[in-house]
Amino acid sequence: MTKNLPLIPTNEDRIRTAVLRARRHVDRQALMSAGATFVPIPGVDMLVDVSVMIKMIDHINWEFGLTPEQIDRLPSQRRILAYQAISWAGTVLAGKVITAQLAISVLKSVGIKLGSKQAAKWVPVVGQISAAALGFTALRYLGREHIKDCEKIAREVILRLSAEESHLSSD
């Protein structure tokens, strides 16, 4: 992913393209998580959920030019704008390295209760389907919400850039 690092989208077409690619990725990752529910080894689905979430959030950040590496490569003024926009959006997942600990805390806050998901998994068929649906829904929701946050950040960067440009042109 480090070859051609996308920049923060600076127009609506680029934002739409990033959103579409990120949504496709989120849906694929959520399906992978749901499939892991059917593995009959205790704890495997939770490990997959954490791993999938880390990869999913990293990919979304990458699509929007919001990984720490991408932001660090920006010129200093744009880097400041990016961090201001991230702060303004109030997201904890953009512009950061996503750790397993952060992923677990976010998953818990969304409602994947480890015990109930594990317990439901062992009820034949219906329980497994319920656990898979819960995992899919939670990860898809998380991913889509993060995409919305990244859209807000990109639009805020556009606003700040245009305000900066109009300020420079008025001088």
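How many residues does helix 2 have, and how far does helix 2 reach from its first C-alpha to its last? I opened the notebook with that. The model is predicted.

**Entry 1: helix 2**

I looked up the span first. Helix 2 covers residues 44–63, which is 20 residues. From the first C-alpha to the last, helix 2 reaches 28 Å. The expected value at 1.5 Å a residue is 28 Å, and the span is close to it.

Next I looked up burial. In helix 2, 14 of the 20 residues are buried, so this helix is largely enclosed by the rest of the structure. I then checked the backbone past the helix end. Gly 65 sits just after helix 2 and has a positive phi of about 70°.

**Entry 2: the whole chain**

I stepped back to the fold. The protein chain has seven helices and zero strands. Read from the N terminus, the order of elements is α-α-α-α-α-α-α.

I looked up the totals. The protein chain has 171 residues, and 41% of them are buried. Its accessible surface is about 9100 Å². Carbon and sulfur atoms hold 62% of that surface. For contacts with a separation of 6 or more, I noted that 81% join residues 24 or more positions apart.

**Entry 3: the largest pocket**

How much space lies in the largest pocket? I noted about 240 Å³. The lining has 15 residues. Nearest the centre are Leu 7, Ile 8, Pro 9, Thr 10 and Arg 14.

I traced the lining back to the helices. Helix 1 (12–36), helix 4 (76–89) and helix 7 (126–170) each give at least two residues. Helix 1 has the largest share, with three residues. I sorted the lining of the largest pocket by class: 10 residues are nonpolar, one is polar and four are charged.

**Entry 4: the second largest pocket**

I went on to the second largest pocket, with a volume of about 180 Å³. I listed 11 lining residues there. Closest to the centre are Leu 93, Val 106, Leu 142, Glu 145 and Asp 149.

Which elements give two or more residues to this lining? They are helix 5 (100–110) and helix 7. Helix 7 gives the most, with five residues. By class, the lining of the second largest pocket splits into six nonpolar, three polar and two charged residues.

**Entry 5: Asp 149**

I followed up one name from that pocket. Asp 149 is among the residues closest to the centre of the second largest pocket, and its place is in helix 7. Is Asp 149 buried or exposed? The cut-off for buried is under 20% relative accessible area. Asp 149 has 18% relative accessibility, so I entered it as buried.

I looked up its partners too, leaving aside neighbours within four places in sequence. Asp 149 is in contact with Ala 89 and Thr 91.

**Entry 6: Gln 29**

My last check was Gln 29, which lies in helix 1. Its relative accessibility is 10%, so Gln 29 counts as buried as well.

With which residues is Gln 29 in contact, leaving aside its neighbours within four places in sequence? I found Val 52 and Met 56. That brought me back to helix 2, which runs over residues 44–63. I closed the notebook there.

Notes:
Residues are numbered from 1 along each chain as its sequence is written. This is a predicted model: local features need pLDDT of at least 70, side-chain atom pairs count only at pLDDT 80 or more; totals for chains, interfaces and linings use all residues. Side-chain values use heavy atoms; hydrogens and water are left out. Helices (H or I, at least four residues) and strands (E, at least two) are DSSP runs, numbered from the N terminus. Buried means under 20% relative accessible area, exposed over 50%, partly exposed in between (1.4 Å probe, protein chains only). Contact means heavy atoms within 4.5 Å. Accessible areas come from the Shrake-Rupley method with a 1.4 Å probe; for residues, only the protein chains shown count as cover. On a 1 Å grid over the protein atoms alone, a cavity is a set of points where a 1.4 Å probe fits but cannot get out, and a pocket is an open set with protein on both sides within 12 Å along at least five of seven lines; lining residues have an atom within 4 Å of a point. Grid points are joined across faces, edges and corners, and a volume is the space filled by probe spheres set on the points. Ala, Val, Leu, Ile, Met, Phe, Trp, Tyr, Cys and Pro count as nonpolar, Asp, Glu, Lys and Arg as charged, and the others, Gly among them, as polar. The expected span of a helix is 1.5 Å times one less than its number of residues.
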